[in-house]
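Take a look at this chain before reading on. The text below walks through its fold, then its helix contacts, then a few single residues.

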Amino acid sequence: MRKNIVLTGVGGQGTVLASKLIAAAVMKKGLQVMSAETIGMAQRGGSVFSHLRIGEGLESPMIAGKEADLILGFEPAETVRMLPYLKEGGQVVTAMRGVMPVTAALAGGNYKAEEMIEYLRGRVKKLLVVDTDAAVQELGNPKVVNVVLLGAALASGALGLTEEELKDAIRDRLPEKLHSINFRALEYMKNIVHA
């Protein structure tokens, strides 16, 4: 398996944790993985992204333009910003709900998430838009949005992992009290994507 994944969002959304869960699942399979993250911007509201490269013979964790197989977007505007990384035929999985990044708020921009989603629809053939608000309402916990999006990428086949591999990573990386809700988040998306 060789795969390049860009995860993007704003601080506080669990983007870095999602990246670490994917990396843990990949390493447990015995595959090489390299990652690079913008941890410094991870304070609440700042732009955050992670590059994950999976496969043998990797020399750099950074993904070049037009080489990402998957962009996993936790916020629509941040997803649009990362589009130059998407390769021809690559897939985008993004949250529908906008969270205005601090940089946009400071610039006094008039930001509408719906416009970003429409932009993506016009440019990405393989696009999955996830109603994370509906997921949070159904699951009763806003902190599982990152696993909801992982579940969407998993169910679409874009992640290249199995549900059990991702569940093992959750078991290994998260406290036991969080396992059940995160497993429910994966199940929820499996039912939505395949509905």
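The walk starts with the whole chain and ends with single positions.

This is a predicted model. The chain has eight helices and six strands. Read from the N terminus, the elements run β-α-β-β-β-α-β-α-α-β-α-α-α-α. The order thus opens with a strand and closes with a run of four helices. The radius of gyration is 16 Å, close to the 16 Å that the globule rule gives for 195 residues, so the chain is as compact as a globular protein of that length. Along its principal axes, the C-alpha trace spans about 45 × 40 × 35 Å. Buried residues account for 50% of the 195 residues. Contacts also reach across the sequence. Take those between residues at least 6 apart: 63% of them join residues at least 24 apart.

Now to the helix contacts. Start with helix 1 and helix 7. Helix 1 covers residues 15-28 and helix 7 covers residues 163-173. Their axes come within 8 Å and cross at roughly 110°. An angle from 65 to 115 degrees counts as roughly perpendicular, so helix 1 is roughly perpendicular to helix 7. The crossing is right-handed. Which residues make the contact? Helix 1 supplies Lys20, Leu21, Ala24, Ala25 and Lys28. Helix 7 supplies Glu165, Leu166, Asp168, Ala169, Ile170, Asp172 and Arg173. By class, six of the contact residues are nonpolar, none is polar and six are charged.

Ala169 gives a close view of this contact. Ala169 sits in helix 7. Is Ala169 buried or exposed? Its relative accessible area is 2%, and the cut-off for buried is under 20%, so Ala169 is buried. Leaving out residues up to four places away in sequence, Ala169 touches Leu21, Ala24 and Ala25. These three belong to the helix 1 side of the contact. Ala169 and Lys20 are 149 residues apart along the chain, yet their C-alpha atoms are separated by 8.8 Å.

Helix 7 also packs against helix 8, residues 179-193. Here the angle is about 155° and the axes are 10 Å apart. Angles over 145 degrees count as roughly antiparallel, so helix 7 is roughly antiparallel to helix 8. This crossing is right-handed too. From helix 7, the contact uses Glu163, Leu166, Lys167, Ile170 and Arg171. From helix 8, it uses His179, Asn182, Phe183, Leu186, Glu187 and Lys190. The classes are four nonpolar, two polar and five charged residues. Leu166 and Ile170 appear in this contact, and both also appear in the contact of helix 7 with helix 1.

Helix 8 has a further partner in helix 5. The two pack at an angle of about 130°, with axes 11 Å apart. They are therefore oblique to each other. Their crossing is right-handed. Ala134, Ala135, Glu138 and Leu139 of helix 5 meet Ile181, Arg184, Ala185 and Tyr188 of helix 8. This contact has six nonpolar, no polar and two charged residues.

Ile181 leads on to the loop after helix 5. Asn141 lies in that loop, between helix 5 (132-139) and helix 6 (145-156). Beyond its neighbours within four places in sequence, Asn141 is in contact with Val136 and Ile181. Asn141 and Ile181 are 40 residues apart in sequence, and their C-alpha atoms are 8.0 Å apart. Asn141 has a relative accessible area of 23%, which makes it partly exposed.

Two more positions are worth a stop. The first is Thr79, found in helix 2 (residues 76-81). Its relative accessibility is 0%, so Thr79 counts as buried. What does Thr79 contact, leaving aside neighbours within four places in sequence? The list is Thr8, Ile71, Gly73, Phe74, Val92, Thr94 and Leu120.

The other is Lys66. This residue is in the loop between strand 3 (47-54) and strand 4 (68-73). Lys66 has a positive phi of about 60°, although it is not a glycine. Its relative accessible area is 63%, and exposed means over 50%, so Lys66 is exposed.

Conventions: Residues are numbered from 1 along each chain as its sequence is written. This is a predicted model: local features need pLDDT of at least 70, side-chain atom pairs count only at pLDDT 80 or more; totals for chains, interfaces and linings use all residues. Side-chain values use heavy atoms; hydrogens and water are left out. Axes are lines fitted to C-alpha atoms, for helices over the stretch in contact, and angles run from 0 to 180 degrees between N-to-C directions. Angles under 35 degrees count as roughly parallel, over 145 as roughly antiparallel, 65 to 115 as roughly perpendicular and the rest as oblique. A crossing is left-handed if the near helix is turned anticlockwise from the far one by less than a right angle, and right-handed if clockwise. Contact means heavy atoms within 4.5 Å. Ala, Val, Leu, Ile, Met, Phe, Trp, Tyr, Cys and Pro count as nonpolar, Asp, Glu, Lys and Arg as charged, and the others, Gly among them, as polar. Buried means under 20% relative accessible area, exposed over 50%, partly exposed in between (1.4 Å probe, protein chains only). The radius of gyration is taken over C-alpha atoms; the globule rule is 2.2 Å times the number of residues to the power 0.38.
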